[in-house]
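Work through the following exercises with the sequence and the coordinates at hand. Each task is followed by a solution that proceeds step by step.

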Amino acid sequence: MANTHDIQASPSTVHWGYFDAELDPVMEIASGDTINLNSVSGGPDNLPGPDYYIPPELLEIHKKVPKRMHGHILTGPIRISNAKPGQVLQVDILDIGLRQDWGYNFVKPLSGGLPGEFDEESHITIKLDKEKNEGELPWGTRLPLNPFFGVMGCAPPKNWGMITSIIPRAHGGNMDNKELVSGTSVFLPIFVEGANFSAGDGHGCQGDGEVCVTAIETALEGKFRLTVRDDLSLTLPQAESPSHFITMAFDEDLDDAAKEALRQMIILITTITVIKWMLLKVLNLILKTDIEKEEQHNLVIVKLWTLVHTVIRQQ
């Protein structure tokens, strides 16, 4: 029977700025279990004024947790029993919600999509309204919120050593994919025993990328179901929303990343198409001798297509 576990952000349950296969897990669960995970975001320079709620654990983390590399505060890692390298971790995102009434955004020199065009650092606090599901910019513009975790990942291969959480790689990490909202499933390659899943970098909303290097950065609470899949094999993360399949690739060169994401999509849809064709062929052979009328034949085929589509979506 699957269980539900709670993991709160605290000095004993977070790591700041990095992924590392040698990092000890803070919790162990069984495959198929659900976790309620809390995250925090930002350093001392990102704190708002006195009129906002600041999670007390964030201040404690600032005091007690070393920032090993430039990067995010991540909750975890969480070990999944019997997970092995070569398998895939399915992360079902069941729910995501705000934990505080503010977020922040900044742009600074030598960073972002226009690194040479901003001479001074600019930092703003953004008011968040959970009931209205809106963020209000300092000049009054309101933005609809669609929260998601910018960072979700397993531990990287041991031979990579300690790596920054800033750069997304095959293990996942800082994917910053705005499509990974509640109701979506993410599939991550596993590189170490136990998988060792971590998450953080909460976003209130974001466009297609972070052109100024930040979204609306904020603290989130997420509900995830973590399931080990030994019937899948991946080299890069993938995802499935209620309406779309999503392939991802990461590279310093945007063109190379786009090409690899396209290759991954071709592999995915080819695999799905072959499986559908094989299942339909087998089922057609089974039913062939029992179907005499064209009307009955059409009725059965419609039902079979619905069945196959559902099975493929779950896989």
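A residue is called buried at under 20% relative accessible area, exposed at over 50%, and partly exposed in between, with a 1.4 Å probe and protein chains only. The structure is a predicted model, in which local features need pLDDT of at least 70 and side-chain atom pairs count only at pLDDT 80 or more, whereas totals for chains, interfaces and linings use all residues. Residues are numbered from 1 along each chain as its sequence is written, and side-chain values use heavy atoms, with hydrogens and water left out.

**Exercise 1. Determine how Lys64 and Glu60 are linked, and how each is placed with respect to the surface.**

Step 1. A salt bridge requires a side-chain nitrogen of Lys or Arg within 4 Å of a carboxyl oxygen of Asp or Glu; Lys64 and Glu60 meet this rule, their closest N and O atoms being 3.0 Å apart.

Step 2. Both residues belong to helix 1 (residues 56-64), and because they are four residues apart there, about one helical turn separates them. Helices here are DSSP runs of H or I with at least four residues, strands are runs of E with at least two, and both are numbered from the N terminus.

Step 3. Glu60 is partly exposed at 32% relative accessibility, whereas Lys64, at 56%, counts as exposed.

**Exercise 2. Establish which parts of the chain are tied together by the salt bridge between Asp208 and Lys178.**

Step 1. The closest N and O atoms of Asp208 and Lys178 lie 3.5 Å apart, and the pair forms a salt bridge.

Step 2. Asp208 sits in the loop between strand 16 and strand 17 (220-229), while Lys178 sits in the loop between strand 14 (172-174) and strand 15 (185-189), so the pair ties together parts that are 30 residues apart in sequence.

Step 3. Asp208 is exposed at 71% relative accessibility, and Lys178 is partly exposed at 29%.

**Exercise 3. Describe the surroundings of strand 16 and name the strands that pair with it.**

Step 1. Strand 16 (residues 197-203) has seven of its seven residues buried, and it is therefore largely enclosed by the rest of the structure.

Step 2. Two strands are said to pair if DSSP finds at least two bridges between them. Strand 6 (residues 73-80) pairs with strand 16 in the antiparallel sense over three bridges, and Thr75 stands opposite Ala199 of strand 16.

Step 3. Strand 12 (residues 148-153) likewise pairs with strand 16 in the antiparallel sense, over five bridges, and here Gly153 has Ser198 as its bridge partner.

Step 4. Within strand 16 lies Asp201, a residue other than glycine whose phi is positive, near 60°; Asp201 is buried, with a relative accessible area of 3%.

Step 5. Strand 6 also contains Pro77, which is joined to Gly76 by a cis peptide bond with omega of about 0°.

**Exercise 4. Is Thr247 buried or exposed, and which residues does Thr247 touch?**

Step 1. Thr247 lies in strand 19 (residues 245-247) and counts as buried at 14% relative accessibility.

Step 2. Taking contact as heavy atoms within 4.5 Å, and not counting residues up to four places away in sequence, Thr247 touches Pro237, Gln238, Ala261, Gln264, Met265 and Leu268.

Step 3. A polar atom of the Thr247 side chain lies 2.9 Å from the backbone oxygen of Ala261.

**Exercise 5. Place Pro144 and Asn133 in the fold, and state what Pro144 is in contact with.**

Step 1. Pro144 is part of strand 11 (residues 142-144) and is exposed, with a relative accessible area of 62%.

Step 2. Apart from its neighbours within four places in sequence, Pro144 is in contact with Asn133 and Cys205.

Step 3. Asn133 is in the loop between strand 9 (122-129) and strand 10 (134-136), where its phi is positive, about 55°, although the residue is not a glycine; Asn133 is partly exposed at 36% relative accessibility.

**Exercise 6. Characterise the salt bridge between Glu260 and Arg263.**

Step 1. The side chains of Glu260 and Arg263 meet in a salt bridge with an N to O distance of 3.0 Å.

Step 2. Both residues lie in helix 2, three residues apart, about one turn of the helix.

Step 3. Glu260 is partly exposed at 23% relative accessibility, and Arg263 is partly exposed at 45%.

Technical notes: Polar contact = N/O pair within 3.5 Å; in protein donor to acceptor, adjacent residues only side chain to side chain.
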